[in-house]
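Good morning, everyone, and thank you for making room for me on the agenda. I would like to walk you through a structure, so please bring it up and keep it in view while I talk.

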Amino acid sequence: MSATGFHELEGAPPKAMNARIEGDLMEVSMGPQHPSTHGVFRMNVALDGEVVRKLKPVFGYLHRNHEKIGENTSYLGSMPYTDRLDYFCSMTNNWAYALSVEKLAGIEVPERAEYLRVILAELTRLQNHVSLLGFLLSDMGAWGTPLMYAFREREKILDLFESLSGSRMMCDYMRFGGCRVDAGPDWFARAQKIIDAFPRFLDEFEELIVSNEILIARTQNVGKLSAELAINAGITGPMLRASGVNYDLRKVDGYGIYPRFKFRIPLGDHGDCYDRLMLRALEMRESLGILNQAMKEIPAGPIMNPKVKVRAFKPPIGEAYGRIEGPKGELGFYLISDGGASPYRYRVRPPSFINLTVLEDLCLGHTVADVMVILGSVDIVMGEVDR
Amino acid sequence: MQSLDEIKARAEAAVPGAKIEIVPNPGPANQPSLLLDHEHAGAVALFLRDDPALKLDHCSNVTGVDWLDRKVSKKVKVKKVVDGAEKEVEESQEEFFPGYLEAVYHLFSMTLKHGPVVIRMRTADRAQGAQLPSLTPVWRSAEFQEREIFDLYGIKFDGHPDLRRILMWDEFEDFPMRKDYREPDDYEYEPTPHDEVLEKAKQHYTPRPQLDGAENLTAAQQ
């Protein structure tokens, strides 16, 4: 019986529940089928009791070599396929790709199409951020309710996308030099109604989460990211700005017609999970401001540049890197043209893939339960990470 | 931001011995790039990151490109003696460019908010052991992206802290983003004990003798 150690236990002094276990690290494979990993994502974690000492992300389960497929099809043929990268934000994926091809071929976009792009991109940002907040709360154990509240609002925006493009999530809406279909006055009226009702939902949602004691305990001072590390590791998007770095491509690059709109860039102070969460809530309010301005100012006119050949589209020889501020960070496309009908090189710069670089740094020293919160606050979509 | 020629001159002055070439970009995007030599790439990258006028602290995009062997045919006028008289004859000559693998880095500055500055490095050839210096010690954002290039193109990055396959599984042997890649007939194939079972099972497929007495048995029962 001594082999099992039961006899020794009888005489030994009782061990405190929170005593530190000195011994070997235990290796745990979290995922790939874990409800909080947001898809098929795995982490090899070495644990000392409950504390994370080492964490190596493992992915590639959804890898289908998107870039190779892009190199074997025409320029336009990749457009619907970009929807499948970050399947929450197909509109911004379309825009990033269209912007890069427009840079590559030197195409101009008509005014009305630029406005439509801004409206749809900001709607996408709204529904991405709102569902992220829902998922994050769900990861923390607030099962169901916040996620359903968030999805109720997201569904309204997806309905708008559906009536415009024919699809809720796989929109395939933008084209090189414009957009595919125009929105009518009734669409704008519906959109305005949703935009007007959104702040009220945000008030309610923020009241639900901001001062919640459990949420504060689980997120404040968890997964702190310093500004130096964030810059060096190429972190972009809300995660970077939560660390206090003022870098938003809508301001810096001023692509499209963003310089025309008045909006502020919310910044975090501590770079912890709470800042990342609240930053998204604040960003949604700024997006609503941009939407209201764009809906007022949108001019009448064509939505496609008539000079662009949609069929047999062949950009001149050269290369271009175009990028936009996606809801998850800097989404870029790098294209090399050899003068043919398909790109010689087609590269996606996926924000959520690169934002995972610092996952280990954020998790070290925290407990396993915190890993899920930290991963949730990074905001990843496996369709984009694995490509 | 300074022009690329200025950046080149200043980097060459700051890093003695560095050879930098400017690669032109003929397209409308007008994003020319700097071609670095392997030996001084790390030092030049550090200069680009830390120089107060440049401060290229954000290494946004890192990617590989596969350039196959290229033959470019040119028409050249050659003087030749034809039928005793010297004449100018047009002849097509083929120029051969050996293939190489390339790593491209897109740099921006978060502090000074400018960019992009594109830098690239080229391997000597397309062989399996193609090597480049890693820039992960300078910009950590290259960590996963260089791993991805190693995975899909087969460029080995010297000095990378953790160079493993990232998207394909560890046992995979080929490099799928290369232009001459051919996919296997069966991705899942690997030799297993099941093969022996299949070999044995083949015995059952040998044709049975036509008459083995079984037909007589059924006749008697009837």
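I will begin with a helix of chain A, go on to a sheet and to the contact between the chains, and finish with chain B.

Before anything else, please keep in mind that this is a predicted model.

Let us start with helix α6 of chain A, which covers residues 145–165. How far apart should the ends of α6(A) be? At 1.5 Å a residue, its 21 residues should span 30 Å, and the end C-alpha atoms are indeed 30 Å apart, so the expected and the modelled lengths agree.

Now look at which residues of α6(A) are buried: they are Pro146(A), Ala150(A), Glu153(A), Arg154(A), Ile157(A), Leu160(A), Phe161(A), Leu164(A) and Ser165(A). Because these residues cover an arc of only 115° around the axis, they sit on the same side of α6(A). Thr145(A), Met148(A), Arg152(A) and Glu155(A), by contrast, are exposed on the other side of the helix. If you ask what the buried residues pack against, the partners are α5 (111–139) and α7 (185–209) of chain A. Just after the helix comes Gly166(A), which takes a positive phi of about 95°.

Let me turn to the sheet, where three strands of chain A form an open arrangement in the order β1-β2-β3, with antiparallel pairing. The edge strands are β1 (26–30) and β3 (51–58) of chain A, each of which pairs on one side only. On average, and ignoring direction, neighbouring strands of this sheet are turned by 20° against each other. Strand β2 of chain A, residues 42–48, pairs with β3(A) over seven bridges, and if you find Asn44(A), you will see that its bridge partner in β3(A) is Lys56(A).

Next, a single residue of chain A, Val101(A), which lies in helix α4. Is Val101(A) buried or exposed? It has 26 other C-beta atoms within 10 Å, and a residue counts as buried from 20 upwards, so Val101(A) is buried. Leaving aside residues up to four places away in sequence, Val101(A) touches Tyr75(A), Phe176(A), Pro315(A) and Leu335(A). The C-alpha atoms of Val101(A) and Tyr334(A) are separated by 9.1 Å, although the two residues are 233 residues apart along the chain.

We come now to the contact between the chains, to which chain A gives 35 residues and chain B gives 28 residues. Several elements of chain A give two or more residues to the side that touches chain B, among them α2 (66–71), α4 (90–105) and β6 (318–326). The largest share of that side, five residues, comes from β7(A). By class, the side of chain A that touches chain B has 16 nonpolar, ten polar and nine charged residues.

Finally, chain B itself has five helices and nine strands, and of its 222 residues, 32% are buried. Among its contacts between residues at least 6 apart in sequence, 56% join residues at least 24 apart. In helix α2 of chain B, residues 41–50, the buried residues are Ala41(B), Val44(B), Ala45(B), Phe47(B) and Leu48(B). They cover an arc of only 160° around the axis, which means that they lie on the same side of α2(B). What covers them includes α1 (4–14), β1 (20–23) and β6 (100–109) of chain B.

Thank you, and I am happy to take questions.

Terms used: Residues are numbered from 1 along each chain as its sequence is written. Chains are lettered from A and ligands numbered from 1 in the order in which they are written. This is a predicted model: local features need pLDDT of at least 70, side-chain atom pairs count only at pLDDT 80 or more; totals for chains, interfaces and linings use all residues. Helices (H or I, at least four residues) and strands (E, at least two) are DSSP runs, numbered from the N terminus. The expected span of a helix is 1.5 Å times one less than its number of residues. A residue is buried if 20 or more other C-beta atoms lie within 10 Å of its own, exposed if 12 or fewer, and partly exposed in between; C-beta atoms are placed from the backbone. The arc is that of the directions from the helix axis to the C-beta atoms. Two residues are in contact if their C-beta atoms, placed from the backbone, lie within 7 Å. Two strands pair if DSSP finds at least two bridges between them. Axes are lines fitted to C-alpha atoms, for helices over the stretch in contact, and angles run from 0 to 180 degrees between N-to-C directions. Ala, Val, Leu, Ile, Met, Phe, Trp, Tyr, Cys and Pro count as nonpolar, Asp, Glu, Lys and Arg as charged, and the others, Gly among them, as polar.
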